[in-house]
Amino acid sequence: MAKGQPTGSDLPPRFEPQGFETSTYARWSERGYFGADPRSGREPYVIIMPPPNVTAELHMGHGLNNTIQDVLIRWRRMQRREALWVPGTDHAGIATQNVVERRLAAEGKTRWDLGREEFVERVWAWVHETGGTILDQLKAIGSSADWSRTCFTLDPGPSRAVREVFVRWYERGLVYRGNYIVNWCPRCATALANEEVEHEETQGSLYYQRYPVLGAEGQYVVVATTRPETMLGDTAVAIHPQDHRHQGLQGKKVWLPLAEREIPVITDEFVDPEFGTGIVKVTPSHDPNDFEIGLRHDLDQVDIFNPDATLSPAVPERFRGMDRFAARKAVVEALKEQGLLEKIEPHQHSVGHCYRCHTPIEPRVSEQWFVRMAPLAEPALDAYRRGEVRFTPEYWGGVYEHWLENVRDWCISRQLWWGHRIPVWYCDSCQAMLVLKEDPDSCRECGSEKIEQDSDVLDTWFSSQLWPFSTLGWPDQTEDLKAFYPGHTLVTAPEILFFWVARMIMSGLDFMGTVPFRDVHLHGTVRDHMGRRMSKSLGNGIDPLEVVEKFGADALRYTLVSGSGVGADLQLNNEDLEASFHVGRNFGNKIWNAARLALPHLEGNVGSLTSPDRLELADRWILSRAVRASREVTQNLERFRFHEAAAGAYRFFWNELCDWYLELVKRRLYDDAKSEAQGNARAVLREVLDISLRLLHPIMPFITEELWSRLPNRKEESLMLAGWPDPPDGWLDPQAEAELSGLQEMLGALRNIRSEYGVAHGREIDVTVRGADEQLRRAIAAEGDSAFKLGGIGRLSFDGEAAGAGATAVLTTGAEVYVPLEGLIDLGRERARLDKQAAELETLVERSQRRLASRDFVSKAPDQVVAQAREKLAGLQEQLNRINRKRQTLGVD
């Protein structure tokens with residue numbers, strides 16, 4: 001062991017992760033372990049970090065997402081892949097602008113008071129002040145991203161890529177400008193893409209309104225609507241062409257009350273004859289379906305709303321300037337006064353809300369920029385169907401496919417000031433529209449300097465969709481781009497499958513010719529102990545940094561990974577951190593204490609492994625189990641079954657290495673004779689401890705690094721640089737596994753007997769094994785001394801007769817284990833206790849039988865109650881049978 005290297009002897013007695021996690025991470029970072037070299041010649045493995053919002057702070061969702069990514073990147077790095085994890089942050093247009101506008105509001109100002117240039121400067125100042133916070137927080141949980149490549153969506157490189165894509169798509173006719181119905185957020189004062197609207201089931205009302213039929217005195221059509229205020233923008237009423245109830249209305253006109261104008265009755269197959277009266281009002285400016293009907297019938301578009309959702313000058317004067325919900329009440333009252341409100345019914349319906357501020361959106365016709373999605377969706381669909389991109393869980397592939405089959409054009413313009421400004425300029429002199437990659441000084445058509453850039457910015461997701469290649473230098477053909485595109489795995493949440501994942505696949509195929517990643521792993525949501533999604537508004541979140549401070553980063557990581565079943569949500573108790581994270585904390589303690597026991601025995605010269613035929617049974621068994629554990633963990637990581645990978649590494653370390661192997665070899669480790677058997681035990685212990693720490697490293701990097709650095713005979717300076725475990729096939733020994741498995745089962749049966757009959761662990765017991773097969777006999781012979789100590793066995797015999805009161809257990813092989821109880825326990829007291837229990841159970845069984853024998857109970861009680869009574873009786877009978885079997889072993893008739 002090198003001079004100055006830490007050893008097991010100087011390992012602190014208490015596991016206190018705060019004492020080494022920060023310094024360990026700093027050492028990794030300073031030595032450049034997180035970096036990736038495009039010239040290494042190694043097979044690459046690339047993950048692009050979903051860029052968190054630049055002003056965000058770490059929450060448990062980030063913790064889960066980035067821990068999973070870090071597990072993958074550390075594992076592949078140990079497999080000698082050139083592993084690159086690209087970090088970055090997103091400018092988050094609406095979210096960030098909202099934050100700064102709220103800060104301005106606290107000063108009594110609005111962005112309009114500052115003007116665009118000064119407001120954007122304010123946002124940049126806020127970003128510079130807070131923008132690195134979340135990345136620093138990710139480092140605290142162990143994220144090993146290549147921080148030297150950190151990108152921001154508004155950096156010059158990604159910004160250049162954004163313009164390149166916009167202009168190329170415009171030149172190909174994929175980007176266009178037009179009047180179209182959009183989702184409008186009155187609070188954020190911007191259009192939203194369909195995917196940015198969250199629909200919530202809302203209890204509302206269905207209003208039945210009468211419109212007089214012109215030329216037919218006393219005749220009305222009745223239309224049903226959930227938004228009566230929008231009648232002020234109606235430009236037709238419609239019926240289904242096959243609805244015979246209303247055929248007489250075709251070609252007629254009705255009078256639009258309050259707005260006081262004539263509107264036609266039209267026929268359209270979109271109308272649902274089953275909704276309301278089968279006659280619908282048509283408001284092309286404020287309903288997506290009505291908009292399409294309006295285009296088919298060349299109807300006028302009357303926009304009744306201002307940008308803040310107050311009513312516009314297009315409505316009668318008495319309603320102008322009203323808030324939309326106040327206008328709803330006013331319209332209903334006005335209709336009542338005129339006798340034109342037939343009825344109001346309760347109605348449950350879905351209402352769209354802004355995904356950022358949760359304000360109800362208004363469908364509104366507006367001039368916006370769009371991307372034609374169908375030509376981009378088709379190759380993305382084909383790639384999925386050819387198996388070029390895979391989803392875990394698999395069912396998300398079907399969701400992806402359905403969305404692309406029904407994709408609508410993407411509204412990409414936002415009426416914001418923060419973000420990538422649309423690269424379009426308008427000439428005041430010749431009215432030319434210039435779509436350019438570089439800022440112009442003058443009009444390219446007439447030379448005039450009177451040009452003005454489009455005031456809108458692009459949807460945040462426009463830049464995010466380019467992330468897999470814009471972060472690598474595209475549109476330039478850089479070394480990074482050639483080496484690291486396409487990537488391999490994307491880890492993200494299902495809620496941005498359409499926002500981001502699908503669009504990255506489309507843009508990657510369109511500009512790079514290949515999908516940007518092969519696998520998409522969509523993990524579950526972190527919820528509280530009541531099943532609610534963690535959120536600031538509910539106050540039920542858990543701060544990952546608080547967990548790190550109390551229990552260490554490894555406890556946090558292990559808890560998140562072990563609880564992340566494929567497609568399953570993770571529940572944590574925000575009111576009791578101890579309950580949520582004690583498993584991870586306790587496992588860390590176990591690893592630490594096991595190392596404190598093992599490492600002192602590995603100081604000095606530890607020899608190499610000898611041939612298996614010179615090893616004892618326990619040695620051959622643990623080496624064989626190490627092969628199986630390594631394969632199991634590897635296979636589960638490859639299948640993105642992180643919880644099973646964590647469980648496999650846990651079982652090998654705790655159940656097999658600690659509970660069995662260390663106990664079985666203690667005798668040899670503490671032997672002063674320095675025998676060959678002791679040397680073999682030290683060599684095997686070093687190997688399996690090394691393997692177990694490597695298997696755990698991607699999940700629990702800090703404690704494994706701290707302990708691994710104390711192992712002798714290390715070739716690498718850090719566990720991060722060590723190879724992933726791949727033990728040789730020659731270690732596999734099914735016979736040793738079978739033999740020791742029989743011994744484990746026998747010792748487990750003895751533990752159960754002690755527990756069942758209250759035999760103290762310190763009391764030695766005599767054991768008779770009847771019908772033992774050769775495997776069990778060999779195992780007992782091979783590990784006799786250690787097995788005797790583990791089982792607290794004083795004497796052991798084979799095939800003897802049971803004499804007197806005793807306990808018996810039957811093993812899976814059919815062998816019987818018998819333990820005489822005379823002298824171990826107070827048989828009289830135990831018999832009396834069992835007699836009392838049996839009598840009480842017999843009374844309960846008899847009572848339950850009488851109840852179930854009653855015809856009144858069986859016929860009149862609910863089926864569920866009867867079933868519960870039968871289930872209770874079966875349980876009582878099983879308890880009674882078990883007690884009677886114990887009574888028989890003690891000689892009670």
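Two strands pair where DSSP finds at least two bridges between them; helices (H or I, at least four residues) and strands (E, at least two) are DSSP runs numbered from the N terminus. The model is predicted, so local features need pLDDT of at least 70 and side-chain atom pairs count only at pLDDT 80 or more, while totals for chains, interfaces and linings use all residues. Residues are numbered from 1 along each chain as its sequence is written, and side-chain values use heavy atoms, with hydrogens and water left out.

**View A. Strand β12 and its antiparallel partner β9.** Strand β9 (residues 236-239) is joined to β12 (residues 279-282) by four bridges in the antiparallel sense. Within this pairing, Ile279 of β12 has Ile239 opposite. Ile279 and Lys281 occupy one side of β12, and Val280 and Val282 the other. All four of these residues are buried (under 20% relative accessible area with a 1.4 Å probe and protein chains only; over 50% is exposed, and values in between are partly exposed). The strand is therefore covered on both faces. In a regular strand, side chains alternate between the two faces of the sheet.

**View B. Strand β23 between two parallel pairings.** Strand β15 (residues 390-392) runs parallel to β23 and is connected to β23 by three bridges. The bridge partner of Arg390 in β23 is Asp519. Strand β22 (residues 489-492) also pairs with β23 in the parallel sense, here over four bridges. Val491 stands opposite His521 of β23. From β23 (residues 519-522), Asp519 and His521 point one way, whereas Val520 and Leu522 point the other way. Each of these four side chains belongs to a buried residue.

**View C. The stacked rings of Phe20 and Trp592.** The whole structure contains 37 aromatic pairs (Phe, Tyr or Trp rings, the six-membered one for Trp, with centres within 6.5 Å; planes under 30 degrees apart are stacked, over 60 edge-to-face, the rest tilted). One of them joins Phe20 and Trp592, with the ring centres 5.8 Å apart and an angle of 5° between the planes. Phe20 belongs to the segment before α1 (21-30) and Trp592 to helix α18 (residues 577-598), so the contact of these rings ties together parts that are 572 residues apart in sequence. Phe20 is buried at a relative accessibility of 6%. Trp592 is likewise buried, with a value of 2%.

**View D. The stacked rings of Trp461 and Phe499.** The centres of these rings are 5.0 Å apart and the planes meet at 10°, so the pair counts as stacked. Trp461 is part of helix α12 (residues 460-464) and Phe499 part of helix α15 (residues 497-512), so this pair ties together parts 38 residues apart in sequence. Trp461 is buried at 14% relative accessibility, and Phe499 is buried at 8%. Helix α15 is largely enclosed by the rest of the structure, because 13 of its 16 residues are buried. Just after α15, Gly513 adopts a positive phi of about 85°.

**View E. An aromatic cluster, and two arginines placed over rings.** One aromatic cluster is formed by Phe166, Trp169, Tyr170, Trp369, Trp410, Phe462, Phe469, Trp474, Tyr485 and Phe511. Over the ring of Trp410 sits the charged end of Arg503, 3.9 Å from the ring centre (NZ of Lys or CZ of Arg within 6 Å of the centre and within 35 degrees of the ring normal). Arg777 has a similar label: it lies over the face of Phe798, at 4.4 Å from the centre of that ring.

**View F. The surroundings of Asn66 in helix α2.** Helix α2 spans residues 60-78 and includes Asn66. Asn66 has a relative accessible area of 4% and is therefore buried. When neighbours within four places in sequence are set aside, Asn66 is in contact (heavy atoms within 4.5 Å) with Met49, Trp85, Leu138 and Ser143.

**View G. Helix α21 in the setting of the chain.** Helix α21 (residues 676-696) has 21 residues and reaches 30 Å from its first C-alpha to its last. Of these residues, 17 are buried, and the helix is mostly covered. The chain as a whole comes to 28 helices and 29 strands. Its C-alpha trace spans about 110 × 85 × 55 Å along the principal axes. Of the 893 residues, 55% count as buried. Among contacts between residues at least 6 apart in sequence, 77% join residues at least 24 apart.

Terms used: Expected span 1.5 Å × (residues − 1).
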